[in-house]
Amino acid sequence: MPAYNCPNCHHLLHFETRVCPSCSHALGFDYFTNDFYHLDGASGEWRNRTGQTGAFGPCANARYGVCNWLVLRDDPQPLCKSCRHNRTIPDLAVAGVLERWIKLEDAKRRAIFGLMRLGLPFETWAERPGGLGFDLLYDPSAEQGGSPEHLTGHDNGIITINLLEADDAARERIRTQMGEPYRTLVGHFRHEIGHYFWDRLVDNSADLVPFRNLFGDERADYGQALQNHYNNPPPPGWEEHYVSTYATAHPWEDFAETFAHHSHIVDTLSVIGDFGVRMSPPPIAPSGSSDTAIDFDPYTADTATLTAHWIHYAFALNSINRSMGQPDLYPFKLSPGVVLKLDFINRLIAFAARRWAPGDNESSDLKALVATLGQGVELGSG
C-alpha cells in the first residue's frame, strides 16, 4: 500500500483510515485510482488532493463503520468491490460482533486490493457459479470455549471466516495450540483466497500437470491427509520444500500457503518501495542490481527480483521487530524448493492477468538465485 496522505491536510493515513486524525474530514478510498478522497462539507462533494471531484458515494456498509471504500454513483451495486463479495454477515445485535466485523473487513479489503493490483479476475458468488463469496459468521459456542461450529475454510468459491479469529487473545491461543509461527486475519484471507484461485486457475487447466509435478497430486484423500498432519509430526527436512508445516498436509494446502506468501511478499515490498526505503546491496541479488531499492513494481516483477529483495528486507524487518521485543515479522525460511513454488504462482498470476505468455522455462536470474540459496535462507525463527 502506498504512503497515503489526507487529500485535505496531507496528514499521513493508513489504508484503513475512515476519518482524518488531523483535520477530522471524512475519507473515502477509490480503489480504481488507489487514492483517498475527502468529503467537502461545504459542497458535499468528494475531492482528491488536487481538488478534483469524483462522482462517488460511500459503500453501503459505511453506515456500520466497517468500510471506507467509495462506489461510483451510477453503479447499481451499492456495495464496494470488497463488500459485494459478502454472502453472509454476522448478527450485529450480539455485543462485540460489530467490532470484530470491522477487523475482518479491514483485513479482507487489504487482501483483495493487493490481488486486484496483481490483475487477477474477480467475480462475486452472485455473478458466476463458483464466484468468490464470504460467509462471516459469529460462533457463540466458540465464544464460550467450546468446539467451534463454524470452521474457517473454502468450498466452491465460498470462504467461511469464524469471527473468533478477530479476537486477538483467542487467535493467539489457537496459534500457540497449533504450533504456528504466524496467524493473522490478513493471512487467513490470503490463504483461503488461494484455494479459490486454485479452483479458478489450476483445476482442469494446462497448468494442472506442472502443478502436480511441483506440489504433488491433489487427488490424494484430503480428509485423511489432514488427519495424518494433525496426528503426526511434519516429515523430516520439510523446510527444504514447504514454506510451513501446514503446507505439508496436502498439495491444496501447499498451494494456498505459498499463494498467501506470494501476497505477503509482493504487498510488503510495495509498501517499502512507496516509502522510498533503500538498503545496501544484498549478498544475493539478480544480475545488474546495485542495491535493494524497490524501484520496480512488485506486482509485475519476476520471481528472482522479488525473492532477492525480499530476503534482504525480511531479515531487516525481523531485526527491527526484535529490537522492540516483538516476534519476527516473517518467521519463515525460503529454500530453493519454496522459491520454485513461488515462481509457479507468480507466473500463474501473471498469465491470468495477461502480462506474460505461458512458458515453463525459468529465467537465468531465477536459476542463479536458486543455486545461490543452497539449503535456503533462514529469515526468522519459526
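This report walks through the fold, strands, core, surface and salt bridges of a predicted model.

## The chain overall

Let's start with the big picture. The protein chain has 382 residues, and buried ones make up 48% of them. DSSP-style bookkeeping gives ten helices and 14 strands.

What share of the contacts is long-range in sequence? Taking contacts in the protein chain between residues at least 6 apart, 61% join residues at least 24 apart. As for the outside, the chain exposes about 17400 Å², with carbon and sulfur atoms supplying 52% of that area.

## Strand E12 and its partners

Strand E12 covers residues 158-162, and five of its five residues are buried, so the strand is largely enclosed by the rest of the structure. Its side chains split between two directions: Ile158, Thr160 and Asn162 point one way, while Ile159 and Ile161 point the other way. Both sets are buried, polar names such as Thr160 and Asn162 included.

E12 pairs with strand E10 (residues 133-137) in the parallel sense, over five bridges. In that pairing, Leu137 stands opposite Asn162. E12 also pairs with strand E11 (residues 153-155), this time in the antiparallel sense and over three bridges. Here Gly153 has Thr160 as its bridge partner. E11 and E12 make a hairpin with two residues between them, and Asn156 in the turn has a positive phi of about 50°.

## An open four-stranded sheet

Elsewhere in the chain, four strands build an open sheet in the order E3-E4-E5-E6, with antiparallel pairing. Which strands sit at the edges? Strand E3 (27-30) and strand E6 (53-54) do, each pairing on one side only.

Inside that order, strand E4 (residues 35-39) and strand E5 (residues 46-47) pair in the antiparallel sense over two bridges. If you want a spot to click on, His38 stands opposite Arg47 in E5.

## The nonpolar core

The largest nonpolar core has 73 residues, and Phe197, Phe255 and Phe259 are the members that touch the most others. Helix H4 gives this core its largest share, at nine residues.

Phe259 is worth a look on its own. Leaving aside residues up to four places away in sequence, Phe259 touches Leu115, Leu120, Arg190, Ile193, Gly194, Phe197, Ile345 and Ile349. Among those contacts is Phe197, itself one of the three best-connected core members. Arg190 is also on the list, and that residue comes back below with a salt bridge.

## A nonpolar patch outside

Not every nonpolar side chain is tucked away. Leu12, Phe275 and Val277 form a nonpolar patch on the surface, and together they have about 290 Å² of accessible area. Phe275 belongs to the loop between H7 and helix H8 (303-323).

## Salt bridges

The structure holds 25 salt bridges. One of them joins Arg190 and Asp267, at 2.8 Å from N to O. Arg190 lies in helix H4 (residues 185-202) and Asp267 in helix H7 (residues 251-274), so this pair ties together parts that are 77 residues apart in sequence. Are these two residues buried or exposed? Arg190 has 6% relative accessibility and counts as buried, and Asp267, also at 6%, counts as buried too.

Helix H7 takes part in another one: the side chains of Asp254 and Lys341 meet in a salt bridge of 2.5 Å, N to O. This pair links distant parts of the chain, with Asp254 in helix H7 and Lys341 in helix H9 (residues 336-352), 87 residues apart. Both Asp254 and Lys341 are buried. There is also a network, in which salt bridges that share partners join Arg212, Asp217, Glu218 and Arg219.

For a local case, take Arg171 and Asp168, whose closest N and O atoms are 3.0 Å apart. Both lie in helix H3 (residues 168-178), three residues apart, which is about one turn of the helix. Their burial is split: Arg171 is at 14% relative accessibility and counts as buried, whereas Asp168 is partly exposed, with a relative accessible area of 45%. The cut-off for buried is under 20%, so Arg171 falls on the buried side.

How values were computed. Residues are numbered from 1 along each chain as its sequence is written. This is a predicted model: local features need pLDDT of at least 70, side-chain atom pairs count only at pLDDT 80 or more; totals for chains, interfaces and linings use all residues. Side-chain values use heavy atoms; hydrogens and water are left out. A salt bridge is a side-chain nitrogen of Lys or Arg within 4 Å of a carboxyl oxygen of Asp or Glu. Buried means under 20% relative accessible area, exposed over 50%, partly exposed in between (1.4 Å probe, protein chains only). A nonpolar core is a set of buried Ala, Val, Leu, Ile, Met, Phe, Trp, Tyr and Cys residues joined through side-chain atoms within 4.5 Å. Contact means heavy atoms within 4.5 Å. Patches are made of residues with over 30% relative accessible area and no salt bridge: like charges are joined within 9 Å, nonpolar side chains (Val, Leu, Ile, Met, Phe, Trp, Tyr) within 5 Å. Accessible areas come from the Shrake-Rupley method with a 1.4 Å probe; for residues, only the protein chains shown count as cover. Two strands pair if DSSP finds at least two bridges between them.
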